[in-house]
Amino acid sequence: MKRRIPKRYIVLISCTDKAPITFSFHPLAVIVPLAIAIVTPIAWVGMTLYSHSQRNLMLTEEAADVLQQLNALDAEVKNLRERAGLPRTEFAPTEADPKSSPQGGTGTPVEAEELLETANSRLPALSADLKQEIEPALENTLLREAARPTGIPLKVTTEISSPFGLRRNPFGRRSFEFHQGLDFTGAYGSPVHVTAPGTVEKAEWSGGYGYHVVVNHGYGYRTLYAHLSKLEVSQGAQVNNDQIVGYLGSTGRSSGPHLHYSVYRNGTVVDPQGYLD
Ligand SMILES: [Zn+2]
């Protein structure tokens, strides 16, 4: 059955000894504004709360992302410290790392502001560590690594004909001698390349090594190239890596064309095998 909305209502307020006050109104004229007056604030509060929580959620995710990147940066800084030969530092991962797994147990919700504050407080420390400690140490490491002799001083096909260490005297006497380097086979006149950049300390003749070149690479590294047929550099010259310092020969105490190659570390002769690659 259809309910009929009355057309108009009359409210009568009566007071003793006074003429009654009357209001006449249509019911819709009261219900509609009343509904608007109640629903609007509720909707506004609801919308505000929703948008705040959405914004907070976005900020939290953003802050968590920043912290995750900081953690990755931390790990990178740790690697750089090791490479630069600096002591290890205990790096503490940030508390909030929602993407790491597995997870469990109880957790306290972290506010976006708190996360961003943590991120902000860690950045200057990381930056200072990089600039003040790691960068100079790393530079030094790279220079030392660049000064380290690397590779074989010949570009032609070659073999080691005599290793480093004790060996029988190659001149047929029944005695042993300590061979202070490696002997490489190669065709007479093959170019001999320096194995690291440096300064030519010696480029001369001696009875034992014949024509030979000694290059000082700095950081305690020196290399010797001996029994050369011809010298290509002179004392005091700066040489780049791979530069030709002379040509393979058989001068000095040599039983045939070959290259004698020695590596010195802080004044002590060492096995060049550890420097071939
Ligand atoms: Zn030799």
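This report covers the overall make-up of a predicted model, then its helix pair and one residue in helix 1.

## Overall make-up

The protein chain has 277 residues. Its secondary structure comprises two helices and 14 strands.

Buried residues account for 20% of the chain. Contacts were also sorted by sequence separation. Of those between residues at least 6 apart in sequence, 61% join residues at least 24 apart.

## The helix pair

Two packed helices are described by the angle between their axes and the distance between the axes. Helix 1 spans residues 28-83, and helix 2 spans residues 112-147. Their axes come within 9 Å. They cross at roughly 20°. Angles under 35 degrees count as roughly parallel, so helix 1 and helix 2 are roughly parallel to each other.

The crossing of helix 1 past helix 2 is left-handed. By class, 17 nonpolar residues take part in the contact of helix 1 with helix 2. Four polar and five charged residues also belong to this contact.

## Met-58

Met-58 lies in helix 1. Is this residue buried or exposed? Met-58 has 11 other C-beta atoms within 10 Å. The cut-off for exposed is 12 or fewer, so Met-58 is exposed.

Met-58 can also be placed relative to Ala-112. These two residues are 54 residues apart along the chain. Their C-alpha atoms are separated by 8.6 Å. Residue 112 is where the span of helix 2, residues 112-147, begins.

Technical notes: Residues are numbered from 1 along each chain as its sequence is written. This is a predicted model: local features need pLDDT of at least 70, side-chain atom pairs count only at pLDDT 80 or more; totals for chains, interfaces and linings use all residues. Axes are lines fitted to C-alpha atoms, for helices over the stretch in contact, and angles run from 0 to 180 degrees between N-to-C directions. Helices (H or I, at least four residues) and strands (E, at least two) are DSSP runs, numbered from the N terminus. Angles under 35 degrees count as roughly parallel, over 145 as roughly antiparallel, 65 to 115 as roughly perpendicular and the rest as oblique. A crossing is left-handed if the near helix is turned anticlockwise from the far one by less than a right angle, and right-handed if clockwise. Ala, Val, Leu, Ile, Met, Phe, Trp, Tyr, Cys and Pro count as nonpolar, Asp, Glu, Lys and Arg as charged, and the others, Gly among them, as polar. Two residues are in contact if their C-beta atoms, placed from the backbone, lie within 7 Å.
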